[in-house]
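Here's a quick briefing to read alongside the model. Have the sequence and the 3D view open as you go.

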Amino acid sequence: MPESNHISPRRLIAVASAAWLLLTSDVGLAASPAIIAVRTSPSPTHTRLTIESSTPLKFKQLLLANPNRLVIDVEGVQLNNPLKSIGSQISSNDPLVHSARVSRPTPKTARLVLDLKTEVKPQVFALKPDAKFKNRLVVDLFPTHAHNDPLLALLVDDNKGRFEFVDPPASEPAHPKLAKASIVHTPVKPH
């Protein structure tokens, strides 16, 4: 019986289906990074966004003006739920970030866009796994024009508002170095 190089339609469909399943399954995507978590932590001095992934991330950043935006393209990641939820991670009282969104400009790139309230100096860097954390892409945003005293902002952030600044009473003589303000301890109410 002569051999035939002809592939039956059933066999072709089976091979195509197996290839599609391999490409879209966890097994087929094992080499591509998976986003595990997205966290934000705004403070009076800066805002930090952390993207945790199963493997190191390759990224490019671009800072745009009018309107102010930070664009970060991450190669080879899937748009999974943690990454898609980036918009809900931004608090309305964040001092620097107005909103965030993610899209897919190319089949192999996820684009993260941070809409900014003001001009910022971004510092974007990768961290290797450490203790309970996996690979991380960290985005630190610092205001270009800081209106507050950075040391005062750190003190307030470090003490989580447990101290307030008040003028000393006029009847008490103020020490020359403390004439502008004094620190009064205010008990913290449990939430």
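What follows covers the overall build, one sheet, one serine and the confidence of the model.

Keep in mind that this is a predicted model. The protein has 191 residues, and its secondary structure comes to 4 helices and 10 strands. Confidence is mixed: the mean pLDDT is 76, with 63% of the residues at 70 or more.

**Overall build**

- Going along the sequence, you'll read the elements off as α-β-β-β-β-α-α-β-β-β-β-α-β-β.
- As for burial, 24% of the 191 residues count as buried.
- The protein exposes about 13,700 Å², and carbon and sulfur atoms supply 59% of that area.
- If you look at contacts with a separation of 6 or more, 48% of them come from residues 24 or more positions apart.

**The four-stranded sheet**

- Four strands make up an open sheet in the order β1-β2-β8-β7, and the pairing is antiparallel.
- At the edges sit β1 and β7 (120–127), each of which pairs on one side only.
- On average, neighbouring strands of this sheet are turned by 10° against each other, direction ignored.
- Zooming in on one pair, β7 and β8 (residues 135–143) run antiparallel to each other and are joined over 8 bridges.
- For a spot to click on in that pair, try K121, whose bridge partner in β8 is F142.

**S43 and its loop**

- Where does S43 lie? S43 is in the loop between β1 (35–42) and β2 (47–53), and those two strands are next to each other in the sheet order β1-β2-β8-β7.
- Is S43 buried or exposed? S43 counts as buried because its relative accessible area is 10%, and the cut-off for buried is under 20%.
- The S43 side chain also makes a polar contact with the side chain of T45, at 3.1 Å.

**Where to be careful**

- Back to confidence: the protein averages a pLDDT of 76, but two stretches fall below 50, namely residues 25–30 and residues 172–183.
- Residues 25–30 have 6 contacts in the model beyond near neighbours in sequence.
- For residues 172–183, the model has 15 contacts beyond four places in sequence.

Technical notes:
Residues are numbered from 1 along each chain as its sequence is written. This is a predicted model: local features need pLDDT of at least 70, side-chain atom pairs count only at pLDDT 80 or more; totals for chains, interfaces and linings use all residues. Side-chain values use heavy atoms; hydrogens and water are left out. Buried means under 20% relative accessible area, exposed over 50%, partly exposed in between (1.4 Å probe, protein chains only). Contact means heavy atoms within 4.5 Å. Accessible areas come from the Shrake-Rupley method with a 1.4 Å probe; for residues, only the protein chains shown count as cover. A polar contact is a pair of N or O atoms within 3.5 Å; within protein, one must be able to donate a hydrogen and the other to accept it, and residues adjacent in sequence count only if both atoms are side-chain atoms. Two strands pair if DSSP finds at least two bridges between them. Axes are lines fitted to C-alpha atoms, for helices over the stretch in contact, and angles run from 0 to 180 degrees between N-to-C directions. pLDDT is the predictor's confidence in each residue, from 0 to 100.
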